[in-house]
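Please read the following account alongside the sequence and the coordinates, taking each feature in turn. It is a guided description in running paragraphs.

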Amino acid sequence: MTLKEALETKIDDWRPRTTRLLKEFGDVKVSDVSISQAIGGARGVRCLVTDISYLDPNEGIRFRGHTIPETLAMLPKVPGKEMPFVEGHIYLLLTGQVPTEDDVADLVEDLKRRRGVPGYVFDMLRAMPLDTHPMTLFSAGILAMQRESAYVEAYNEGLGKMDHWQPTLEDALNLWARLPELGAFIYRLKYKGDTPIAPDPDLDLGGDFAHMMGIDDPYDDVARLYFILHSDHESGNVSAHAGHLVASALSDVYYATSAMIDGLAGPLHGLANQEVLRWIQGVMDKMGGVVPTEEKMKEFVWDTLNSGQVVPGFGHAVLRKTDPRYAEQRNFCLKHLPDDPIFKYVDVLYKVVPPILEEQGKAKNPWPNVDAQSGVIQWHYGLQEYDFYTVLFGIGRSLGVLSNIVWDRALGYPIERPKSLTTAMLEEIAGV
Ligand code: AMX
């Protein structure tokens with residue numbers, strides 16, 4: 001079944017559930033909001049709906065009900081490779097169905113046909129100062145492509161609300177097909193003397209990305225693993241929420257993706273993976289390149305905390321255990337790069353940081369998150385320009401964010417509009 005046919009069936013089945021909840025149970029309470037939540041970033045307020053992934057604080061992410069190891073095991077693999085097709089993961093996220101090999105082959109071909117970043121995007125990026133952060137170039141490149149939106153064209157022709165998801169899916173598929181090329185172009189523009197590598201029509205999305213980056217195997221499998229791991233983390237994180245919020249105004253997915261990339265660029269969110277590498281380089285410089293003893297490493301961690309900085313790669317707003325995305329990448333390192341010096345540093349950190357954060361008593365989760373490990377693998381395979389790492393995260397995160405937006409349109413979710421209060425009102429509610 002083609003992706004669109006499978007999706008259409010799912011949407012038709014799903015709509016009555018949402019309609020019934022709204023009509024018959026609309027007044028049932030799902031959450032109360034405390035003052036600390038109102039001031040504190042709406043932490044834990046249960047007011048978003050998605051069926052694409054769910055983040056259990058103790059277990060980590062499940063994509064359409066499947067843990068990360070299950071997802072990697074059940075999706076069709078690229079022949080001769082360890083990792084599944086990213087395209088198969090897109091199929092799973094959108095439909096909730098594990099695709100057959102034929103389903104994946106269809107989608108791989110469909111996305112190949114959609115490749116080709118317009119030349120004006122490259123012209124614009126070349127005109128920008130070379131020291132512009134890659135996330136800025138990435139966001140600007142996506143935004144520049146907004147004129148390509150099929151959704152805007154259909155909307156202007158008076159598209160019925162029930163059909164909004166269809167051109168949104170078109171836009172999403174086009175963007176998924178083009179983001180790897182845009183990302184790789186930015187990499188080779190900024191760090192490789194403007195020597196872009198043209199896409200290879202014989203390769204799948206992950207393989208083609210590695211090819212356009214100019215990095216040999218097994219980087220193709222690294223790319224596939226990375227994009228799948230970073231694809232979705234339910235709806236409340238900054239990038240996913242930014243994408244959903246912007247799209248709720250019926251802005252097209254180009255606007256929404258550019259916005260989600262801007263949120264991902266913050267050091268408390270996606271930029272943390274570049275921060276981890278920068279921080280570890282600092283440790284390595286201080287230690288003269290020698291892998292430190294646990295005692296020495298403890299000192300360095302305490303120095304970081306005592307100077308008022310956070311330890312990048314540790315802690316999480318929702319998770320309360322080691323991030324399974326960290327664990328999966330650690331398995332990859334143990335298999336492919338056990339002797340890598342940076343991996344050894346990260347492994348010492350894994351031992352010493354959690355007890356220190358527990359002793360300090362501030363962080364609610366002392367365990368490592370996805371970013372503690374991802375830069376290590378990139379560095380090992382030669383991608384040492386760590387400013388670029390969050391672009392990789394962005395390509396991956398687009399899979400989940402855009403799948404969500406297609407479903408937002410399918411289920412007719414309205415414009416987002418929480419209500420604000422003044423400080424004086426909070427004081428009055430508190431009886432101060
Ligand atoms: N190092 C030092 N202190 C930390 C810490 C860490 N890794 N994680 C949390 N804390 C501190 C917080 O700064 C906060 O201190 P404050 O009360 O003085 O402001 C206190 O512990 C309580 O924070 P929390 O409720 O446990 O975390 P949070 O939900 O406010 O923030 C996060 C979550 C991820 C931003 C935070 O853990 C952090 O800054 N970690 C380091 C940066 C990082 O790795 N970010 C990547 C997250 C994953 C991702 O999105 N890519």
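The paragraphs below treat a sheet, a cavity, a pocket and a pair of helices.

This is a predicted model, in which local features need pLDDT of at least 70 and side-chain atom pairs count only at pLDDT 80 or more, while totals for chains, interfaces and linings use all residues. Residues are numbered from 1 along each chain as its sequence is written, and side-chain values use heavy atoms, with hydrogens and water left out.

We begin with the sheet. Helices (H or I, at least four residues) and strands (E, at least two) are taken as DSSP runs and numbered from the N terminus, and two strands count as paired if DSSP finds at least two bridges between them. On these terms there is an open sheet of three strands in the order β1-β2-β3, with antiparallel pairing. Because β1 (53-56) and β3 (66-67) stand at the edges, each with a single partner strand, one side of each is left without a neighbour in the sheet. Strand β2 (residues 60-63) is joined to β1 by four bridges in the antiparallel sense; Ser53 stands opposite Phe63 in β2, and Asp56 has Gly60 of β2 as its bridge partner. The connection from β1 to β2 is a hairpin through three residues. On the other side, β2 pairs with β3 over two antiparallel bridges, with Thr67 in β3 as the bridge partner of Arg62. These two strands likewise form a hairpin, with two residues between them, and Arg64 in the turn has a positive phi of about 50 degrees.

Arg64 also appears in the lining of the largest cavity, together with Trp14, Val49, Thr50, Asp51, Ile52, Asn404, Trp407, Asp408, Leu411 and Tyr413. On a 1 Å grid over the protein atoms alone, a cavity is a set of points where a 1.4 Å probe fits but cannot get out, whereas a pocket is an open set with protein on both sides within 12 Å along at least five of seven lines, and lining residues have an atom within 4 Å of a point. Grid points are joined across faces, edges and corners, and a volume is the space filled by probe spheres set on the points. By this rule there are six cavities of 30 Å³ or more, and the largest cavity holds about 70 Å³ of space. Helix α19 (residues 389-410) gives the most to its lining, with three residues. Counting Ala, Val, Leu, Ile, Met, Phe, Trp, Tyr, Cys and Pro as nonpolar, Asp, Glu, Lys and Arg as charged, and the others, Gly among them, as polar, the lining of the largest cavity has six nonpolar, two polar and three charged residues.

The second largest pocket contains about 160 Å³ of space. It is lined by 14 residues, of which Thr2, Leu3, Lys4, Asp110 and Leu173 are the closest to its centre. At least two lining residues come from each of α1 (3-25), α5 (101-113) and α9 (165-191), and α9 supplies the largest share, five residues. By class, the lining of the second largest pocket divides into six nonpolar, two polar and six charged residues.

Finally, we turn to a helix pair. The axes of α6 (residues 119-127) and α7 (residues 134-144) come within 9 Å and cross at roughly 145 degrees, where axes are lines fitted to C-alpha atoms over the stretch in contact and angles run from 0 to 180 degrees between N-to-C directions. Contact, meaning heavy atoms within 4.5 Å, is made by Tyr120, Val121, Met124 and Leu125 of α6 and Leu137, Ala140, Gly141 and Ala144 of α7. The residues of this contact divide into seven nonpolar, one polar and no charged.
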